[in-house]
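Here are some notes on the structure, set out as numbered points. Please read them alongside the sequence and the coordinates.

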Amino acid sequence: MENKLIDSHAHLDDDRFDDDRIEIINKLKDEGIELVLNPGADLATSKKAVQLADEYDFIYAAVGCHPHDSKYMDDNTMDVFRELSKNEKVIAIGEIGLDYYYDNSDRETQKIWFREQIRLANELDLPYIVHDRDAHEDLFRIMKEEAKSNTRGILHCYSGSVEMAREFIKLGFYISLAGPVTFKKAKTPKMVAQEVPLDKLLIETDSPYLTPEPNRGKRNEPKYVRYVAEEIARIRNVSADVIAGSTNKNFKSLFRLKE
Ligand code: NI
């Protein structure tokens, strides 16, 4: 592949990388990975993400609280996120959203902090990264209600329909596909991979989770993002290099990074 790959979503701060994090990070460039965006999921992991971004020029961070942990959110945490965002390697708020599959925090609490964090992204003029599990309707309504002219971001590990994807794109969002697009039975992600305009598509691993085929079941790593690119390429009948090139360009345009 001529073009370098960008993993738009990986949790390199995760405990499952504690034994070999440095080796994995140091090998990324040789494996054709140009950049990794590491989002936080709560206060502690947001701080770790910023630390990693400070240490490595090719790692960027997002700060925010995942819906699982929104029950632990308060105004003080929001202030810390605001403070952390002053670091120039913090390029987004996330991951934030709604998760009605696990319901680890009650739905009203999830909605309150999703909305508050969207407002923070708008205030700071930053994109935000959305986690949506079985909550399409409420999630889209809140995003629409809070939309401003500068609103933009990523639907991470997108699992919705092609029609919904079009609505999110109208709101200023990119659609990011992860490992599930490689799973044989995953009809919807494959349809999304086919139908979403190439200039609105991103790729990610969500490491250490959601490992793509042929390594499904093992721990995921950013280098496996190439299997996601290869599967999208196969579905669209183009070369993987085309997918690497377009997703790389899309990422940089969303985050206003230099080519
Ligand atoms: Ni994630």
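1. The side chains of His156 and Glu204 make a polar contact at 2.7 Å. This is a predicted model, and the distances and angles in these notes are computed from it.

2. His156 sits in the loop between strand S6 (153-155) and helix H6 (162-170). With a relative accessible area of 5%, His156 is buried. Beyond its neighbours within four places in sequence, His156 is in contact with His9, Glu95, Ile129, Val130, His131, Ser176, Glu204 and Asp206. Ala178 is 22 residues from His156 along the chain, and their C-alpha atoms are 8.0 Å apart.

3. Three of the contacts of His156, namely His9, Glu95 and Asp206, also appear among the protein donors of the nickel ion. The donor atoms are NE2 of His9, NE2 of His11, OE of Glu95 and OD of Asp206, at 2.1 to 2.4 Å from the nickel ion. Along the chain, the donors follow the spacing H-x1-H-x83-E-x110-D. Both histidine donors, His9 and His11, are buried.

4. What is the arrangement of the four donor atoms around the nickel ion? The angles they subtend run from 87 to 175 degrees, so the arrangement is irregular. A tetrahedral assignment would need all angles to lie between 85 and 135 degrees. Water is not among the atoms, so the site may look incomplete.

5. How many disulfides are there? The count is zero. The sulfur of Cys65 has its closest cysteine sulfur in Cys157, 19 Å away, which is too far for a bond; the cut-off for a disulfide is 2.5 Å between the sulfur atoms. Cys157 is likewise in no disulfide, the sulfur of Cys65 being the nearest. Cys65 is buried, at 4% relative accessible area, and Cys157 also counts as buried, at 18% relative accessibility. The threshold for buried is under 20%.

6. Thr211 lies in the loop between strand S8 (201-203) and helix H8 (225-236). Its relative accessibility is 4%, so Thr211 counts as buried. The side chain of Thr211 reaches two backbone atoms: the oxygen of Lys218 at 2.5 Å, and the nitrogen of Asn220, which lies 3.2 Å from a polar atom of that side chain.

7. Residues up to four places away in sequence aside, Thr211 touches Phe183, Arg216, Gly217, Lys218, Arg219, Asn220 and Tyr224. Lys218 and Asn220 in this list are the residues whose backbone atoms were named in the previous point.

Technical notes:
Residues are numbered from 1 along each chain as its sequence is written. This is a predicted model: local features need pLDDT of at least 70, side-chain atom pairs count only at pLDDT 80 or more; totals for chains, interfaces and linings use all residues. Side-chain values use heavy atoms; hydrogens and water are left out. Donors are N, O and S atoms within 2.8 Å of the metal (3.2 Å for Na, K and Ca); water is not among the atoms, so sites may look incomplete. Four donors count as tetrahedral if all angles lie between 85 and 135 degrees; four count as square planar and six as octahedral if opposite donors are over 155 degrees apart and all others between 65 and 115; anything else is irregular. Buried means under 20% relative accessible area, exposed over 50%, partly exposed in between (1.4 Å probe, protein chains only). Helices (H or I, at least four residues) and strands (E, at least two) are DSSP runs, numbered from the N terminus. A polar contact is a pair of N or O atoms within 3.5 Å; within protein, one must be able to donate a hydrogen and the other to accept it, and residues adjacent in sequence count only if both atoms are side-chain atoms. Contact means heavy atoms within 4.5 Å.
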